[in-house]
Structures are given as C-alpha cells and as structure tokens.
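Below is a walk through one structure, taken sheet by sheet. Keep the sequence and the 3D view at hand while reading.

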Amino acid sequence: MQTKPAAPSFGIITAILLMAGALAPAVRCGMPAAAPAPLPTGTRQAVLVVPRAPGSHTATLSLVELEGGVWRERMAPVPAVLGRAGIAPAGAKREGDGKTPSGVFPLGIAFGYGATCDTRLPYRMAGPDDYWIDDPASPHYNRWVRGPRPAFSHERLRRSDAQYTYGIVVEYNTAPVTPGAGSAIFLHVWRAPNTPTAGCVALSETDMARLLRLLDPSLRPVVAIGAPPAQPAPPTFVPAPHLVEISGPEYVLDLRYNTDNNFLGRNVYAPHGITRCYLHRDAAARLTAAARDLHAKGFRIVLWDCYRPLSVQRAMWRIMPNERYVANPAKGSNHNRGIAVDCSLARADGRELPMPTPFDDFSERAAVNARCSSDAAERCRNRDLLRGAMERAGLEPYPSEWWHYQLPDARRYPVLRDE
Ligand SMILES: [Zn+2]
C-alpha cells in the first residue's frame with residue numbers, strides 16, 4: 001500500500017499558530033482586538049508587532065514567512081517599543097497623539113545613515129537635507145522632502161543620535177494621505193530598550209539590522225501591529241467513534257506528515273487538525289499487543305503515520321498525482337481505512353534504532369525482505385525485530401515498505417469519508 005502524503009497550501013494556519021503563541025499573553029490580559037484586515041493577497045512575509053499589555057509601550061516583534069504553503073518563523077520575537085501612549089485602535093491614530101497605529105501596512109523603503117545598507121529593500125541614504133514633513137497643513141504632509149529646511153513642521157532624517165541609523169517606512173497614511181491622521185511612522189532603532197517613541201515601532205540596532213537582511217520585497221512584506229491578521233482558526237479534528245487514539249509510554253509519536261520532515265517537505269496534517277495517531281479499534285488492539293511485547297523488551301514503537309483522512313489523501317494527490325508515490329484517493333489507501341500504521345523502533349529513551357532506510361524511501365532497500373550488507377546487518381535485525389512483534393500480534397507487512405503494517409483482510413474495512 002503506497003502511503004504518501006502531500007498537501008495543499010494551508011500555510012496561513014501555521015502563521016496563526018505562531019501569532020497566537022506570540023499573542024497569548026496579551027489576549028489573556030484582555031487586550032482590545034484591533035482587528036486589522038486580513039493579509040493582502042500575495043503577501044508572504046509579515047512583521048508581527050504585539051504589545052505586551054493593553055496601553056503598554058513595550059511589545060514583541062517577530063518575522064514570519066510563507067514557505068511551501070506553511071508560515072514559518074524567520075525571526076523569533078525580540079523586544080520592541082511603541083508610541084508613549086501605546087497603540088491606537090484601527091483608524092484612530094491622530095497626529096501628535098503619541099500612539100502607534102494598529103493594522104496591517106505594507107513596508108516601504110529602507111533608509112539610514114550609511115551610503116549602502118545590507119537589505120534587499122529599496123534603500124535611500126538620509127543626508128543633512130532630508131526631512132519628513134509632519135505638519136498636516138503642508139501639501140507635503142507625511143512625505144520625505146529634500147532641500148532647504150522646510151517652513152512646515154518636520155523632523156530631520158539625519159539625526160544627531162542613532163535612531164535613524166536604520167529605518168523602514170511603514171506605508172501608513174501614505175496612499176492616500178489624510179491630513180492629521182498621523183505621519184512619519186517607521187520601524188527604526190530605539191533610543192533605549194524602555195524608551196517609547198512618538199508613534200513608531202523601535203527595536204535594537206542589532207535586531208533592526210537583522211530584520212533588514214531578512215526582508216524581501218518580492219514577498220510583499222507587511223507589518224501587522226497590535227493583533228494578528230484575522231484568519232480562520234485551524235480545524236479541530238474529531239475522530240469517528242471507531243477510531244482509537246494510540247498513545248502511551250510504549251510509543252514515540254513522530255507523525256511525519258504533521259511536520260516538514262517528509263518526502264514532500266511540507267506539513268499536510270496541520271491544516272486538517274491531525275496531530276495524533278488514530279487507528280480503527282481492530283488495528284489498535286493488535287498494535288497495542290505488539291507495543292506491549294516490544295516495551296517489555298525495552299523498545300518503543302515510533303509512530304510515523306496512522307489514520308489519514310481521505311481529504312488529506314485528495315490534497316496529496318492534487319500535489320503528486322503519481323501512484324508510485326501517493327495512493328490514488330479514488331481507491332483509497334489503507335491508511336484512509338484506519339487500519340494501517342507506518343512505524344519504526346526506538347530504545348526506551350526515545351532514540352530511534354537504525355533501520356535499512358529512512359521513512360518513505362522509495363528504493364528496493366525499503367522492501368521488507370531486502371538484504372543488508374554485512375556491515376549493516378544490525379539494521380536488518382532491527383527491522384526484523386519490529387516485524388516479528390507485529391506479525392505475532394496479527395498485523396501484516398507491506399512487501400515494499402518495511403515500516404508499513406496493516407490488518408489482513410483490508411477490504412472488509414471501508415475507506416472513511418470525512419468530507
Ligand atoms: Zn503506510
């Protein structure tokens with residue numbers, strides 16, 4: 001039974017998990033939901049800025065990126081500071097209120113004191129004649145101007161301190177510009193770790209330099225300030241009544257399709273809420289017997305794959321419609337019936353035993369009867385130890401995959417429809 005997964009790009013969900021993790025403390029504190037708009041279509045990179053508490057001028061800043069359909073953290077949360085009055089609810093930012101606007105905004109150009117900057121963002125050096133106009137009465141309000149010192153209220157972009165050593169323009173109130181709705185919103189270097197800004201987001205010089213190196217304009221980066229972008233929550237998987245969860249000290253749970261560590265290089269289970277191992281109760285009873293047998297000998301069963309919803313199988317097939325690698329959902333895999341398990345062996349401390357091949361190896365060496373060379377004889381012995389316990393418990397091997405075991409008489413069990 002070929003038992004390969006593959007997945008649709010539900011990556012947003014991982015981002016939500018990341019964001020939810022970053023946000024949890026603030027949410028528990030009852031932070032008002034600023035409810036920024038969803039991420040713009042095509043955005044694959046987002047700077048997340050989350051206040052530590054309602055009204056706080058301290059925050060965390062992280063960077064997430066959509067890769068292979070999954071949001072991954074590219075920069076773990078670092079400390080940041082906000083406006084002295086915290087963040088303004090969506091749409092409520094006003095010039096001079098000392099608040100950082102909340103919402104999702106594109107990132108614009110980078111700027112700074114150096115002639116060049118280590119970033120892929122478009123970069124502009126700030127010189128002594130560069131100013132940002134913060135006077136709502138000016139026709140150049142919320143614009144960078146260069147030339148003689150402006151008559152309207154402004155700030156210098158070449159400061160006497162280090163705060164604009166590195167800066168990034170936040171495209172807030174820039175297109176179109178509403179007079180008085182706030183100006184000069186940047187990411188920049190903080191004055192000190194606990195010194196607030198007038199409405200910007202500021203972080204350490206080191207973290208600012210790192211962020212500049214990681215940002216990629218081809219990924220249409222945005223900054224999300226105040227709350228995570230509104231996205232659907234990840235689904236909760238509810239197993240059918242005859243599916244039994246496999247867990248306990250006899251096992252090491254390593255559901256490869258709930259990680260990127262599989263032959264598709266992407267997580268195909270998280271979008272469906274599959275985070276645990278379930279089997280049909282008939283298969284569960286036999287696996288339990290095998291696991292107890294092995295546990296008494298000092299081993300644990302490593303669970304790589306168990307019940308796989310048909311919806312996942314279809315998603316896999318859309319990605320890789322090749323029966324050499326993925327079971328055709330029109331026929332269904334025995335994993336879709338809940339009666340197959342992909343597994344290996346570990347010692348009591350969880351360290352995996354060496355086996356003839358890795359999981360989902362498509363070579364002949366993965367066959368359950370493949371021979372091992374004399375220097376790899378231990379690998380075949382480990383494989384056969386697993387096989388012996390499984391067969392004694394009444395599970396049969398699949399000839400071309402040493403890790404796959406299933407109930408005999410598989411056709412008696414229907415493919416489970418989950419959609
Ligand atoms: Zn399998």
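One open sheet has five strands in the order E16-E18-E19-E21-E20, and its pairing is mixed. Strands here, like helices, are DSSP runs numbered from the N terminus (helices are H or I of at least four residues, strands are E of at least two), and two strands pair if DSSP finds at least two bridges between them. At the edges of this sheet lie strand E16 (251–253) and strand E20 (396–398), each pairing on one side only. From one strand to the next the twist averages 45 degrees.

The model is a predicted one, in which local features need pLDDT of at least 70 and side-chain atom pairs count only at pLDDT 80 or more, while totals for chains, interfaces and linings use all residues. Residues are numbered from 1 along each chain as its sequence is written.

Edge strand E20 is joined to strand E21 (residues 401–406) by three bridges, and the two run antiparallel. Glutamate 396 has glutamine 406 in E21 as its bridge partner. Helix H5 packs on this sheet and touches E19, E20 and E21, with its direction at about 125 degrees to that of E19. Such angles run from 0 to 180 degrees between N-to-C directions, with axes taken as lines fitted to C-alpha atoms, for helices over the stretch in contact. A second helix, H3, lies across E16, strand E18 (299–305) and strand E19 (340–347), and runs at about 145 degrees to E18.

The two helices also meet each other. Two packed helices are described by the angle between their axes and the distance between the axes. Helix H3 (residues 281–296) and helix H5 (residues 377–392) pack at about 135 degrees, with their axes 8 Å apart. H3 is therefore oblique to H5 (angles under 35 degrees count as roughly parallel, over 145 as roughly antiparallel, 65 to 115 as roughly perpendicular and the rest as oblique). The crossing of H3 past H5 is right-handed, meaning that the near helix is turned clockwise from the far one by less than a right angle. Ala290, Asp293 and Leu294 of H3 meet Ala389, Met390 and Arg392 of H5; a contact is counted if the C-beta atoms of two residues, placed from the backbone, lie within 7 Å.

Another open sheet has three strands in the order E9-E8-E10, with antiparallel pairing. Its edge strands are E9 (144–146) and E10 (154–156), each paired on one side only. The twist in this sheet averages 35 degrees from one strand to the next. Strand E8 (residues 130–133) runs antiparallel to E10 and is joined to E10 by three bridges, with isoleucine 133 partnered by histidine 154.

Elsewhere, strand E14 (residues 222–225) has Val222 and Ala224 pointing one way and Val223 and Ile225 the other, all of them buried. Buried means that 20 or more other C-beta atoms lie within 10 Å of the residue's own (exposed is 12 or fewer, partly exposed is in between), with C-beta atoms placed from the backbone. Strand E1 (residues 45–51) runs parallel to E14 over four bridges, and valine 49 is the partner of isoleucine 225. Strand E6 (residues 103–112) pairs with E14 in the antiparallel sense, also over four bridges, and there valine 104 stands opposite alanine 224.

Over the whole protein chain there are five helices and 21 strands. Of its 419 residues, 45% are buried. The average pLDDT is 88, and 89% of the residues score at least 70, where pLDDT is the predictor's confidence in each residue, from 0 to 100. Over residues 1–37, pLDDT stays under 50.
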